[in-house]
Amino acid sequence: MALALTLAGRGLGNVWPNPAVGCVIVNQGRIVGRGWTQPGGRPHAERRALDQAGAAARGATAYVTLEPCAHHGKTPPCSEALIGAGVTRVVTALTDPDPRVAGRGHAMLRAAGVAVDEGVMEAEARALQAGFLSRITQGRPWLALKLATSFDGRIALSNGQSQWITGPAARARVHALRARFDAVMVGGGTARADDPLLTVRGFTPLRQPVRVVASGALDLPRERLAGSLDQAPLWLVHGPQAPAEARAFWSGIGAELMEIPASDPGLDPQALLQALGAAGLTRVFCEGGGQFAASLMRAGLVDELIGFTAGVVLGGDGRAALGALELEQLTEAPRYRLSETQVLDGDILHRWRRD
């Protein structure tokens with residue numbers, strides 16, 4: 001199962017709206033098939049592993065990180081494929097909460113005489129599948145907020161200069177992280193200030209993440225973002241007040257527009273995440289800016305913090321990483337649990353998950 005989970009991780013960022021699943025088939029103590037969900041979501045992990053195993057799947061045990069599907073979609077059910085291949089035992093980590101499955105895959109296997117063991121390495125699988133589980137159970141993607149800051153939590157000098165607080169190794173890791181998410185998201189303020197590409201660079205990913213910009217009035221620069229539609233998809237989430245001319249321009253060059261309700265100030269963060277979930281996204285990597293990130297934090301929507309901290313001090317007149325959270329009691333402050341730390345050429349990567 002540990003190997004199956006490692007294989008499943010290869011699908012992160014590449015398979016949405018499907019889950020990233022891994023499968024290992026073992027016969028008489030020998031691995032005869034391995035598979036993981038392929039880019040775009042198909043073929044499924046079980047199908048890939050069965051094709052590799054061939055006749056050796058008969059009488060084998062299949063280790064699968066998520067309950068095999070039981071419904072006919074664009075492909076036949078994986079439970080049916082395992083039964084047809086003659087697999088005699090299936091070990092799974094998680095039950096699939098998708099209403100089309102939700103225990104039916106396990107039931108189908110048992111009805112065919114296949115032995116089923118559930119819950120093996122469930123906690124590890126749940127962490128890996130956090131995005132898919134969030135979209136199915138909450139209707140929104142898992143949201144990670146990335147902050148690259150000085151030691152004292154600043155993202156720029158008072159005059160706005162910020163390149164570069166962290167070093168090359170940290171910046172390269174950011175690109176690697178982008179590739180493991182379905183989408184990279186920023187607010188309109190960051191887009192206006194930086195006109196960022198928001199693509200994965202330094203290597204060629206299997207699938208460029210969707211670029212999401214949340215801008216109530218669609219008052220965005222029309223240079224790098226507008227000129228890079230051939231590099232990666234661009235989704236613009238806007239409010240009812242967005243002018244017709246701006247809508248026509250962006251839709252005319254191939255951007256996808258999503259209108260959601262406005263709030264005070266800006267866009268409704270709950271509606272934003274629900275719209276992204278409805279569009280199929282399971283994992284979103286937010287890169288600011290400070291006011292936009294604070295609105296997501298105030299709404300309780302940030303599931304993970306990914307920090308890159310440099311050994312430089314910018315002082316109290318530097319720009320804060322986050323806008324105001326309007327807290328009155330320390331007990332109201334969002335708290336997260338440390339899940340990873342790593343030194344990157346002098347900078348520190350630290351990841352925190354909400355309990």
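I take two strands as paired if DSSP finds at least two bridges between them, and with that in mind I opened this predicted model at the pairing of strand 8 with strand 12.

**Entry 1, a parallel pair.** I looked up strand 8 (residues 183-187) and strand 12 (residues 283-286), and found that they run parallel and are joined by three bridges. I then asked which residue of strand 12 stands opposite Val184, and noted that this is Phe285.

**Entry 2, the sheet around that pair.** I followed the neighbours outward and recorded an open sheet of nine strands with mixed pairing, in the order 11-10-9-8-12-6-13-16-15. At its edges I noted strand 11 (256-259) and strand 15 (336-344), each of which pairs on one side only. I also looked up the turn between neighbouring strands of this sheet, which is 20° on average when direction is ignored.

**Entry 3, helix 10.** I turned to the helix that lies across strand 6 (142-149), strand 8, strand 9 (210-214), strand 10 (234-238), strand 11 and strand 12, namely helix 10, and noted that it runs at about 145° to strand 10. I next checked helix 10 (residues 269-278) against helix 11 (residues 290-298), whose axes come within 9 Å and cross at roughly 90°. Angles of 65 to 115 degrees count as roughly perpendicular, and I therefore entered helix 10 and helix 11 as roughly perpendicular to each other. On the side of helix 10 the contact is made by Pro269, Leu272 and Leu273, while helix 11 contributes Phe292, Ser295 and Leu296. Sorted by class, I have five nonpolar residues, one polar residue and no charged residues in this contact of helix 10 with helix 11.

**Entry 4, the hairpin.** I went back towards the start of the chain and looked up strand 1 (residues 22-27) and strand 2 (residues 30-36), which pair in the antiparallel sense over six bridges. Within this pair I noted that Val26 stands opposite Ile31 of strand 2, and that Ile25 has Gly33 as its bridge partner. The hairpin has two residues between the strands, and there I recorded a positive phi near 55° for Gln28.

**Entry 5, the five-stranded sheet.** Where do strand 1 and strand 2 stand in the order of their sheet? I found an open sheet of five strands with mixed pairing, ordered 2-1-3-4-5. Strand 2 and strand 5 (115-117) each have a single partner strand, so one side of each is left without a neighbour in the sheet. From one strand to the next, I noted a twist that averages 15°. Lastly I looked up helix 2 (residues 45-53), which packs on the sheet and touches strand 1, strand 2 and strand 3 (61-64), its direction making about 145° with that of strand 2.

Technical notes: Residues are numbered from 1 along each chain as its sequence is written. This is a predicted model: local features need pLDDT of at least 70, side-chain atom pairs count only at pLDDT 80 or more; totals for chains, interfaces and linings use all residues. Side-chain values use heavy atoms; hydrogens and water are left out. Helices (H or I, at least four residues) and strands (E, at least two) are DSSP runs, numbered from the N terminus. Axes are lines fitted to C-alpha atoms, for helices over the stretch in contact, and angles run from 0 to 180 degrees between N-to-C directions. Angles under 35 degrees count as roughly parallel, over 145 as roughly antiparallel, 65 to 115 as roughly perpendicular and the rest as oblique. Contact means heavy atoms within 4.5 Å. Ala, Val, Leu, Ile, Met, Phe, Trp, Tyr, Cys and Pro count as nonpolar, Asp, Glu, Lys and Arg as charged, and the others, Gly among them, as polar.
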